[in-house]
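Work through the following exercises with the sequence and the model side by side, and try each task before reading its solution.

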Amino acid sequence: TVNITAKGMKYHPSTITVPAGDQLVVEITNKDPNQVHDLQFANGAHSPRLAPGDHATVKVGVITGPTEGWCT
């Protein structure tokens, strides 16, 4: 499980390392005071759109290699 914050049109931390074969769960919090954010992964896992101060859990799945996440 990794904690990520969204603020200033960036994720913090911007890169995480997960051993191949491990399950990834992301706890994301929107710390931007005025902007809605979400988090989408290449495998389709995603958070809802988060208003300032909102929090969500994203079960990304088993990590088998490099992947990316982005705000839609």
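**Exercise 1. Locate M9 in this predicted model, decide whether its side is buried or exposed, and state what its phi angle is.**

Solution. Start with the position along the chain: M9 lies in the loop between strand 1 and strand 2. Next take the accessibility, where the cut-off for exposed is over 50% relative accessible area; M9 has 61%, and therefore counts as exposed. Finally, turn to the backbone, where M9 has a positive phi of about 60° although it is not a glycine. As background, most residues other than glycine have a negative phi, and most peptide bonds are trans.

**Exercise 2. Determine which form, cis or trans, the peptide bond from H12 to P13 takes, and where P13 is found.**

Solution. The omega angle of the bond from H12 to P13 is near 0°, and the bond is cis. P13 itself is found in the loop between strand 2 and strand 3.

**Exercise 3. Describe the setting of T15 and T17, including how far apart in space T15 and E68 are, and T17 and K7.**

Solution. Begin with the element: T15 lies in the loop between strand 2 (10–12) and strand 3, and T17 lies in the loop between strand 2 and strand 3. For accessibility, T15 has a relative accessible area of 62% and is exposed, while T17, at 76%, counts as exposed. For distances, T15 and E68 are 53 residues apart in sequence and 9.2 Å apart in space, taken from C-alpha to C-alpha. T17 and K7, which are 10 residues apart along the chain, have C-alpha atoms separated by 20 Å.

**Exercise 4. Place P48 in the chain and list what P48 touches, leaving out residues up to four places away in sequence.**

Solution. P48 is found in the loop between strand 4 (40–41) and strand 5. Its relative accessibility is 48%, and because partly exposed covers the range between 20% and 50%, P48 counts as partly exposed. With sequence neighbours up to four places away set aside, P48 touches H37, D38 and A56. D38 is 10 residues from P48 in sequence, and their C-alpha atoms are 5.9 Å apart.

**Exercise 5. Identify which residues of the largest nonpolar core touch the most other members, and which elements give two or more residues to this core.**

Solution. The largest nonpolar core has 15 residues, of which V26, I28, F41, V58 and V60 touch the most other members. The elements that give two or more residues to this core are strand 1 (2–7), strand 3 (23–30) and strand 5 (55–62). To see one of these residues in detail, take V26, which touches V2, I4, L39, F41, A56, T57, V58 and V60 when residues up to four places away in sequence are not counted. In general, nonpolar side chains in soluble globular proteins tend to be buried together.

**Exercise 6. Assess the whole chain: how many helices and strands does the protein have, and how does its radius of gyration compare with the globule rule?**

Solution. The protein has 0 helices and 6 strands. Its radius of gyration is 12 Å, close to the 11 Å that the globule rule gives for 72 residues, so the protein is as compact as a globular protein of that length. The C-alpha trace spans about 35 × 20 × 20 Å along its principal axes. Buried residues make up 35% of the 72 residues, and among contacts between residues at least 6 apart in sequence, 55% join residues at least 24 apart.

Technical notes:
Residues are numbered from 1 along each chain as its sequence is written. This is a predicted model: local features need pLDDT of at least 70, side-chain atom pairs count only at pLDDT 80 or more; totals for chains, interfaces and linings use all residues. Side-chain values use heavy atoms; hydrogens and water are left out. The radius of gyration is taken over C-alpha atoms; the globule rule is 2.2 Å times the number of residues to the power 0.38. Buried means under 20% relative accessible area, exposed over 50%, partly exposed in between (1.4 Å probe, protein chains only). Contact means heavy atoms within 4.5 Å. A nonpolar core is a set of buried Ala, Val, Leu, Ile, Met, Phe, Trp, Tyr and Cys residues joined through side-chain atoms within 4.5 Å.
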